[in-house]
Amino acid sequence: MWLLPGNKDSRACTDTVWACLADDGYEMDDFLKREHSLTKPYQGVGSSSSSHWDLMGNAIITTEHVRLTPDLQSRQGAVWSRIPCYLRDWELQVHFKIHGQGKKNLNGDGMALWYTKERMQTGPVFGNMNLFTGLGVFLDTYPNENNNHEKKYSPSTQRVFPYVSGMVGNGTLAYEHDRDGQSTELGGCTALMRNIPHDTFLLIRYTKNRLTIQIDVDGKQQWRDCLDLPGVRLPQGYFFGASSVTGDLSDNHDLISMKLYQLTVERPQEEEEEEELTVPSVDNFEQLNKVEVQEEGMSGVQLFFTIVFSIIGIFVLGVVAVVMYGRWKENSRKRFY
């Protein structure tokens, strides 16, 4: 069944392909870029010199999917495009599956999708390097911050997992694993995407400096909005990839397909003449950082000693004030006589 760019009911469009595209405002020459797409039967992936994709770590190819990590502890895997993408406007549709034997809250961390300057790197961010340059979209299935008691977040910033989020890195911005990347996220949504009996999909669209993420994990064959943010600036010439890692907890992280579509978008002349970007950025990024750290309240013992020492401090100040006043009065009498 086809996945068509830009239409919330796209998988229902088979015989009316061009009508579906036209209704959403795109030109009819929008098309699949096979050199940037990963689809069955995955011929030569990771082994043939003619393949457009490289495998990494524990990732393996089967007839049905690219398994980034198996449901085993301490595994890491990734798949990366060999060809940089120079499209200005594009849409990536991802068919994936996350499943395993672990029960709720006893499962792996999830997986990540990438459009980055770097490729074939390992690290702590879902198996990829930290301080990356480009876009990361995280399908996070395990809440690490719930196990970190150093700080508490306000109810307005609490997230319900599994959770999909996006981040743009400039090579110096760090993803905080213990906080599930909350301090650098651009936005996101809850998505029940683990051990689901039906197909699960994610869409990433980048057009006219606008980043949109949509999901279809409910089995309704409809896209649901997850993130929509203007002012996102991504350079051309980066690589697409997907990665995952397991630790003490694990899951199967399967990538069934990644399909990249070129979008034809009309632009005013001034936009066509803009200088080429060299560093990813997000307009007004500081205002997007919604993490509010609340100070922990004092315990009963701390409160008791605080009151005691406050009373002692007030008493000492009172004694000093009385003594100083007595000396002042005595000196005043001596000067008078």
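Which residue in S11 is the bridge partner of Ser 165? The tour reaches that pair after a look at the whole chain.

Start by colouring the chain by pLDDT, since this is a predicted model. The mean pLDDT of the protein chain is 84, and 79% of its residues reach 70 or more. Select residues 1-6: pLDDT stays under 50 there, and the model has 29 contacts beyond four places in sequence for this stretch. Then select residues 291-299, where pLDDT also stays under 50 and the model has 20 such contacts.

Next, select strand S10, residues 163-170. Seven of its eight residues are buried, so the strand is largely enclosed by the rest of the structure; buried here means under 20% relative accessible area.

Add S8, residues 133-140. S8 and S10 run antiparallel and are joined by eight bridges. To see one position in this pairing, pick Val 137, which stands opposite Gly 166 in S10.

Now add S11, residues 187-190. Four bridges pair S11 with S10, again in the antiparallel sense. Pick Ser 165 and look across to Gly 188, its bridge partner in S11. That settles the opening question.

Finally, go back along the chain to the loop between strand S7 (110-116) and S8, and select Thr 122. Leaving aside residues up to four places away in sequence, Thr 122 touches Met 56, Gln 76, Gly 127, Asn 128 and Met 129. Show the C-alpha atoms of Thr 122 and Met 56: they are 9.1 Å apart in space, while the two residues are 66 residues apart in sequence.

Methods:
Residues numbered from 1 in each chain as written. Predicted model: local features only at pLDDT ≥ 70, side-chain atom pairs only at ≥ 80, totals over all residues. Heavy atoms only, no water. Helix = DSSP H or I, 4+ residues; strand = E, 2+ residues; numbered from the N terminus. Contact = heavy atoms within 4.5 Å. pLDDT = per-residue confidence, 0-100. Buried < 20%, exposed > 50% of the residue type's maximum accessible area, 1.4 Å probe, protein only. Pairing = 2+ DSSP bridges.
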